[in-house]
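Colleague: I am just starting out with protein models and would like a slow, close look at one part of this one. Please explain any special words as you go.

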Amino acid sequence: MCAVFGFLDYKGKISNAVLKKLIHYLSVAAEVRGTDATGIAYVRDGSIVTYKKPKPAHKVKLFFPRGTRSVIGHTRFTTQGSEKRNCNNHPFEGHCGTESFTLAHNGVLYNDRELRREQHLPPTPIETDSYIAVQLLEQGQQLDTENIKRMAELVEGSFVFTILRNDNTLFLVKGNNPLTLYHFPKIGLYVYASTKSILDNALKKVKLNDKHCEVDISEGEILEINSAGNLSRSTFTMQDYIHTMFNPYNWDQLDYAKWWMEDEREELLLEYCGTFGVSEEEVELLLEVGYDPDEIEELLMDTAAMEEAISEAKTLLQCEA
């Protein structure tokens with residue numbers, strides 16, 4: 001579970017200061033769906049610029065220059081690939097022929113490894129399932145709705161993709177995850193976020209002084225909005241998929257999903273920590289003082305750091321006692 005958000009200012013009437021406020025409040029509101037990392041991407045002089053950090057949105061200063069017409073953003077709840085390796089965080093950059101683009105994904109894809117084999121995709125240091133969407137798009141000679149449709153019909157899982165092309169064309173690809181889009185026709189602005197509550201909470205803080213309407217977008221639709229604000233629609237067929245037990249990334253099952261994933265990972269740590277010379281009791285000690293499974297996995301690879309962490313954890317618990 002993550003969140004996507006962003007805007008397209010197709011008339012260029014809105015000041016940079018207001019747009020920066022809009023992105024700031026959208027990102028902070030989107031923290032309800034992910035605090036592990038925050039990132040944005042925009043177009044500058046025909047090139048994609050991406051900025052992302054492994055921090056919650058309220059601790060990140062999101063900058064983009066005057067004249068920026070569109071920004072896509074993402075707040076991350078880590079499910080695959082540590083957020084501490086910034087290459088794993090969204091948005092991701094890609095190229096199709098002479099065109100460049102950036103992509104952010106909300107959801108989880110289950111067949112990324114199979115697709116890498118079947119499509120003979122090159123190896124990548126990026127560990128997230130989401131990046132398979134970029135690699136599939138890069139197989140095409142141009143970034144258009146036909147290429148996006150092919151990608152959306154190959155992946156299996158839950159998703160919303162937001163894609164920004166280097167000519168400020170915005171694509172919104174809705175699978176079975178939530179997405180809300182508002183249009184302010186008088187001032188020439190589209191604003192979107194994963195949920196209506198994120199949008200509404202952000203817009204309360206930014207006074208745009210104009211009426212807006214909600215744009216319908218259904219599962220299996222691709223919305224293309226060009227730099228002039230013209231919107232067109234196309235459709236794709238979602239793959240059926242079955243996941244063991246349930247889909248733990250379903251957006252309305254966050255509390256259960258967090259418990260399920262953390263509990264599974266902690267059990268795995270306890271099973272194999274002994275192969276690194278660390279006892280189950282020591283792992284439980286680190287979990288008790290606030291280390292998460294990703295941090296403990298990294299410590300298992302560094303004996304000295306692990307010993308230091310265990311010593312500090314023991315001292316901390318003795319002080320609390």
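Where is the place of Arg33?

Modeller: Happy to help! This is a predicted model, in which local features need pLDDT of at least 70 and side-chain atom pairs count only at pLDDT 80 or more, while totals for chains, interfaces and linings use all residues. Residues are numbered from 1 along each chain as its sequence is written, and side-chain values use heavy atoms, with hydrogens and water left out.

Arg33 sits in the loop between helix H1 (16–29) and strand E2 (37–44). Helices (H or I, at least four residues) and strands (E, at least two) are DSSP runs, numbered from the N terminus. Arg33 counts as buried because its relative accessibility is 4%; buried means under 20% relative accessible area, exposed over 50%, and partly exposed in between, with a 1.4 Å probe and protein chains only. A polar atom of the Arg33 side chain lies 2.7 Å from the backbone oxygen of Cys2.

Now step from the loop into E2. Seven of the eight residues of E2 are buried, so this strand is mostly covered. E2 pairs with two strands, E3 and E4 (two strands pair if DSSP finds at least two bridges between them). With strand E4 (residues 70–76), E2 pairs in the antiparallel sense over six bridges, and here Gly39 has His74 as its bridge partner. With strand E3 (residues 47–53), E2 is again antiparallel, over seven bridges, and Ile40 stands opposite Tyr51. In general, the side chains of a regular strand alternate between the two faces of the sheet. The hairpin of E2 and E3 has two residues between the strands, and in it Asp45 takes a positive phi near 55°.

On the other side of the loop is H1, which packs against helix H5 (residues 196–205) at an angle of about 140°, with the two axes 8 Å apart. Axes are lines fitted to C-alpha atoms, for helices over the stretch in contact, and angles run from 0 to 180 degrees between N-to-C directions. H1 and H5 are therefore oblique to each other (under 35 degrees counts as roughly parallel, over 145 as roughly antiparallel, 65 to 115 as roughly perpendicular and the rest as oblique). On the H1 side, Leu22, Tyr25, Leu26 and Ala29 make the contact, and on the H5 side the residues include Ile198, Leu199 and Ala202; contact means heavy atoms within 4.5 Å. An α-helix has 3.6 residues a turn, so residues three or four places apart point the same way.

To place this part in its setting, take the protein chain as a whole. Its secondary structure comes to nine helices and 13 strands, and 52% of its 321 residues are buried. Among contacts between residues at least 6 apart in sequence, 66% join residues at least 24 apart.

Elsewhere in the chain, six strands form an open antiparallel sheet in the order E5-E6-E7-E8-E12-E13. Strand E5 (92–96) and strand E13 (231–235) stand at the edges with a single partner strand each, so one side of each has no neighbour in the sheet. The twist averages 20° from one strand to the next. Strand E12 (residues 221–225) pairs with E13 over five bridges in the antiparallel sense, with Ile222 opposite Ser234.

Note on methods
Polar contact = N/O pair within 3.5 Å; in protein donor to acceptor, adjacent residues only side chain to side chain.
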